Amino acid sequence: MTGSLQIKYNKYYIVLNTYENGKRKPKWISTDLPVKGNKTRAQKLLRETLKEYEEAEELRAEQEASRATMRFEDAIKLWYQEKCADFEHPIDAVTKQGYELLMKRQILPYFRDNNFLLCEITKNNLQVYINEKARSGRMDGKGGLSPRTLKLIKNILNQTLLYCVSEGMIPNNPCQFVKLPTCERFEANFYSKSQIDEFLGKIKDEPLYPLIRLTALFGLRRSEALGLCWDCVNFEAETITIRRTVSKVMTVVAKDKTKNTSSRRSFPMTPDVKQLLLDMKAQQSKDRQFFGKEYRDSDYVFRWPDGRPFSPDYVAGKFPKLLKAAGMPKIRFHELRHSAASNLLNLGFSLKDVQEWLGHSDIKTTANIYGHLDAKRKLSMAEALSG
C-alpha cells in the first residue's frame, strides 16, 4: 500500500493508491488538519493510516486463503457456534439437541469422510447427499431417513450456507436449489374405541395406566402428558390445563411452555377422570409419608411411588411391551393421539373441533393427517343433500 499527502481546501488529505479491477482508484481521506503548522502531524497520520490499511489487507488475504481451504465440516461447526452465541434469538433447548444429534450422526461424518471443502459445495453434491440419506440413511441400516428428518437436515445445511454467504465466504447458497423427496401422505395407525377400552382394561394395574388413559382421552403428545403438573389440575373448576412439556432428544428437557400457543389448552374433567386423579393424589400423599426423606418431591402428576417423574425413555420402552403382553396390535405411543382424533371424527365432530382438541396451530395440519377420516361424515352430508 502506498499513499501521499495532498492539500485541498487548505487542509491535508491522505490519498491512498488503491486498485479495482487492475485500475488505480485513489482513495481520499480527510485529516481535518489545517495546512499551517500541521505538516508533522499529517505525516504521522499518513504513516499510521498506511499501516492500518496494510494490516487490513494482510488479514483479508489470510481470511481468503483460509476460506479457500476451509472444510465444509468446519463451516457447519462455525455456523452452529454462531447460532448458539446469538443471545438475541436463543435456540430452544430441544431444537439445540436436535441440531447436535443430526450433525453428529448424519451430517458431519459424511462431509468429513468425503473431505469436502466449503468452496467445493454445489447443488449437485448436496443433492447426491440428500438422495443417499433418503435411500439408506438410517443408523440401523433399515432404509432411508424420513421426509421430516431430511427436511431438518436440509435446514441445517441451508442455514450454514446462508451464514457463509453473509460473511462473504462464498458468493451464493447452492442449497436453495436442492430438492427433497416427495412426501407421501402419512397413514397413521389407530385404535378404535373398543380397542382402547380393551387395552385399558388389560393394563389397569400397570403404573402407566393413568398416563395412557389420559393420553388416549385427550389426544396428548407424550411431552404434554409427562409435563402435566398438579398446579394444572383444578378440581374445583374441573379442568386440566396443558401448559408444560417434558421431552428428550439426548437429555431430558422440561419447559414451562408448550410446542406452540395453540398447544396451551384446557380440557373438561369428566367424573371418572376426576376420581382417577383424586385417587392418584391421595396415593402420592401416602407414598410421601412412606418414603420420608427418601421421597423425591416434585409437582408432576405421573411419577413413581418414590416421587421420581416418569422419563420419556421409560414410556417409549414400556409401551410396546404392554401392547405385546396384552395381545394388542402394534402402534406407537404417539398413535394414541391419532386414535383420539379418529374416534372424535367417527363420533361426528368436525376437523375444526379436532384441531382445537389436539392443539394444532393450523387446521391444514389436522386436515393433512386426518382429512381422509372425515369421509364418513362427508358421505352423510351428501346423502342428506341428495335426499
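Trainee: Let's start with strands. How many bridges join β4 to strand β5, residues 239–242?

Mentor: Keep in mind that this is a predicted model. Strands of a sheet pair through backbone hydrogen bonds, and the pairing is either parallel or antiparallel. Here two bridges join β4 to β5, and the strands run antiparallel. In register terms, N234 stands opposite T239 in β5.

Trainee: Which order do the strands of that sheet have?

Mentor: The order is β4-β5-β8, in an open sheet of three strands with antiparallel pairing. β4 (233–234) and β8 are the edges; each has a single partner strand, so one side of each is left without a neighbour in the sheet.

Trainee: What is the phi of E238, and where is E238 found?

Mentor: The general idea first: most residues other than glycine have a negative phi. E238 has a positive phi of about 55 degrees although it is not a glycine. This residue is found in the loop between β4 and β5. At 35% relative accessibility, E238 counts as partly exposed. N115 is another case, again with a positive phi of about 55 degrees and again not a glycine. N115 lies in the loop between α3 and α4 and is partly exposed, with a relative accessible area of 49%.

Trainee: Back to sheets. Which order does the open sheet with β1 have?

Mentor: That open sheet has three strands in the order β1-β2-β3, with antiparallel pairing. β1 (3–8) and β3 (23–34) stand at its edges, each with a single partner strand, so one side of each lacks a neighbour in the sheet. The twist averages 35 degrees from one strand to the next.

Trainee: Over how many bridges do β1 and β2 pair, and over how many do β2 and β3?

Mentor: β1 and β2 pair over six bridges, while β2 (residues 11–20) and β3 pair over nine; the sense is antiparallel for β1 with β2 and for β2 with β3. To check the register, look for L5, whose bridge partner in β2 is I14, and for T18, which stands opposite K25 in β3. β1 and β2 form a hairpin with two residues between them, and Y9 in the turn has a positive phi of about 55 degrees.

Trainee: Now a helix. What should the 14 residues of helix α4 span?

Mentor: At 1.5 Å a residue, the 14 residues of α4 (residues 123–136) should span 20 Å, and the end C-alpha atoms are 20 Å apart, which agrees. Next, look at burial. An α-helix has 3.6 residues a turn, so residues three or four places apart point the same way. The buried residues of α4 are N125, L126, Q127, Y129, I130 and K133. Their cover includes α3 (93–113) and α5 (147–166).

Trainee: On to charges. What does the count of salt bridges come to?

Mentor: The count comes to 18 salt bridges. The general idea is that side chains of opposite charge can pair when their charged atoms come close. Take K193 and D197, whose closest N and O atoms are 3.1 Å apart. Both lie in helix α6 (residues 193–202), four residues apart, about one turn of the helix. K193 is exposed at 56% relative accessible area, and D197 is partly exposed at 42%.

Trainee: Is R221, which forms a salt bridge with E224, buried or exposed?

Mentor: R221 counts as buried because its relative accessibility is 10%, and the cut-off for buried is under 20%. E224 is buried too, with a relative accessible area of 1%. The closest N and O atoms of R221 and E224 are 2.5 Å apart.

Trainee: Which residues are linked in a network of salt bridges?

Mentor: R71, E73, D74, K77 and R112 are linked in that way. Within the network, the side chains of D74 and R71 meet at 3.2 Å, N to O. D74 is partly exposed, with a relative accessible area of 28%, and R71 is partly exposed as well, at 32%.

Trainee: One last residue. Where does T258 lie?

Mentor: T258 lies in the loop between β7 (252–255) and β8 (265–268). T258 is buried, with a relative accessible area of 10%. Its side chain reaches the backbone nitrogen of R264 at 3.4 Å. Leaving out residues up to four places away in sequence, T258 touches I242, R243, R244, T245, S263 and R264.

Key: Residues numbered from 1 in each chain as written. Predicted model: local features only at pLDDT ≥ 70, side-chain atom pairs only at ≥ 80, totals over all residues. Heavy atoms only, no water. Buried < 20%, exposed > 50% of the residue type's maximum accessible area, 1.4 Å probe, protein only. Polar contact = N/O pair within 3.5 Å; in protein donor to acceptor, adjacent residues only side chain to side chain. Contact = heavy atoms within 4.5 Å. Pairing = 2+ DSSP bridges. Axes fitted to C-alpha atoms, helices over the stretch in contact; angles between N-to-C directions. Expected span 1.5 Å × (residues − 1). Salt bridge = Lys/Arg side-chain N within 4 Å of Asp/Glu carboxyl O.
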